[in-house]
Amino acid sequence: QFTWKGFSSMNTAINFPHLGIYLDHVGKSISVFGFEIAYYGIIMGSSILLGLFLAEREAKRTGQDPDTYTDMIIYAIIFSIICARAYYVIFSWENYKDNLLSIFNLRQGGIAIYGSLIGAVATVYVYCKVKKLSFLQMTDTACMGLVAGQILGRWGNFFNREAFGGYTDGLLAMQLPVSAVRAHEITDEMWAHVQVIGGEQFIQVHPTFLYESLWNLGVICFLYWYRTRKKFQGELFLVYLLGYGLGRVWIEALRTDQLQIGNTGIPVSQLLAGVLILFSLCMIFLGRKKNMSEEDYGRTNEYQDSD
């Protein structure tokens, strides 16, 4: 027995008016034999499996043992979730300081991708130290699966009606019922452009989940093209950080649910993305410069030996 569930007393429509797409009933979960499973969880689980599949394929291509990534992902999932939650709580402390137990209530939402990335990278580093594996080679391999998981994973925000941007009337504009979103994420500009459709109030916003999903699709295509052109171990992961960061900088600026640094008004994920862009550019430049020097040194020695 399968039952699709939406929201009680809420309109479940999601529209893309300029694309001519009107989805009247977009539920939030599915009930299987009495067990309710959120689409968000299904998508997150599917994104992990997709990421693992692509990482294992890349491992085979580069002569590594694919089972290594199967073993590692168990630890990576655990610590990624912990760090993703910690990242969110730290920069939303006002919402948790008076009720510390709510920190552990993940059903209320509240995780951050950059926190998850930090946890994953730390896990890979420790795992490689213990197993005596190449950290840089593993990050190059895992980043292929990581970005694929992000492409799919962002669609969880679609079903949750979250992580959207401010008002827009652009081609990809998305309409959401006011009753289905968190009130504090609705800006004055959105209220000024509220539309009434079938007796229900709708806001019209940037579908930032879609922007990021499409951007990451471009990133993974570039990584597949670039992987045979890399000059040093770790370069592919740096290119991923650079590409993802470039997208996150402008997409984060659109969102109305930004995590900010205190009262500065500075979005923490936008700042972190900017730092990672600069870091990646510097490391790619230095790595390629070192590689060129080593190649020149090798050619010089080869010429001298031939004499």
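Below are short exercises on this predicted model, each with a worked solution.

Residues are numbered from 1 along each chain as its sequence is written. Local features need pLDDT of at least 70, side-chain atom pairs count only at pLDDT 80 or more, and totals for chains, interfaces and linings use all residues, while side-chain values use heavy atoms and leave out hydrogens and water.

**Exercise 1. Place Met144: which helix holds it, is it buried or exposed, and what does it touch?**

Step 1. Find the helix. Met144 is in helix 4, residues 135-153. Helices here are DSSP runs of H or I with at least four residues, strands are runs of E with at least two, and both are numbered from the N terminus.

Step 2. Check the exposure. Buried means under 20% relative accessible area, exposed means over 50%, and partly exposed lies in between, with a 1.4 Å probe and protein chains only. Met144 has 0%, so it is buried.

Step 3. List the contacts (heavy atoms within 4.5 Å). Setting aside neighbours within four places in sequence, Met144 meets Leu54, Glu58, Ile220, Leu223, Tyr224, Arg227 and Leu236.

**Exercise 2. Describe the largest nonpolar core: how many residues does it have, and which helix gives the largest share?**

Step 1. Know the term. A nonpolar core is a set of buried Ala, Val, Leu, Ile, Met, Phe, Trp, Tyr and Cys residues joined through side-chain atoms within 4.5 Å.

Step 2. Count. The largest core has 29 residues, and Tyr114, Cys143, Leu223 and Tyr240 have the most contacts inside it.

Step 3. Find the suppliers. Helix 3 (113-131), helix 4, helix 7 (208-226), helix 8 and helix 9 each give at least two residues. Helix 8 gives the largest share, 8 residues.

Step 4. Look at one member. Beyond four places in sequence, Leu223 touches Cys143, Met144, Val147, Leu236, Val239 and Tyr240. Another core, of 16 residues, lies apart from the largest one and includes Tyr167, Leu176, Val205 and Leu210.

**Exercise 3. Test helix 8: what span should its 20 residues have, and where is its kink centred?**

Step 1. Use the rule. The expected span is 1.5 Å times one less than the number of residues. Helix 8 has 20 residues, so it should span 28 Å.

Step 2. Compare. The end C-alpha atoms of helix 8 are 30 Å apart, which agrees.

Step 3. Find the kink. Helix 8 has a kink of about 25°, centred on Arg248. The bend is the angle between axes fitted to the seven residues ending at a residue and the seven starting there.

Step 4. Check the cover. In helix 8, 15 of the 20 residues are buried.

**Exercise 4. Inspect the loop after helix 8: what joins Asp257 and Arg255?**

Step 1. Locate both. Arg255 lies in the loop between helix 8 (235-254) and helix 9 (268-306). Asp257 is found in the loop between helix 8 and helix 9.

Step 2. Find the link. Their side chains share a polar contact of 2.9 Å. Such a contact is a pair of N or O atoms within 3.5 Å; within protein, one must be able to donate a hydrogen and the other to accept it, and residues adjacent in sequence count only if both atoms are side-chain atoms.

Step 3. Check the exposure of Arg255. Its relative accessibility is 13%, so Arg255 counts as buried.

**Exercise 5. Pair strand 6: how many bridges join it to strand 8, and which residue faces Leu176?**

Step 1. Count the bridges. Strand 6 (residues 174-177) and strand 8 (residues 200-205) run antiparallel, joined by 4 bridges. Pairing needs at least two DSSP bridges.

Step 2. Find the partner. Leu176 stands opposite Ile203 in strand 8.
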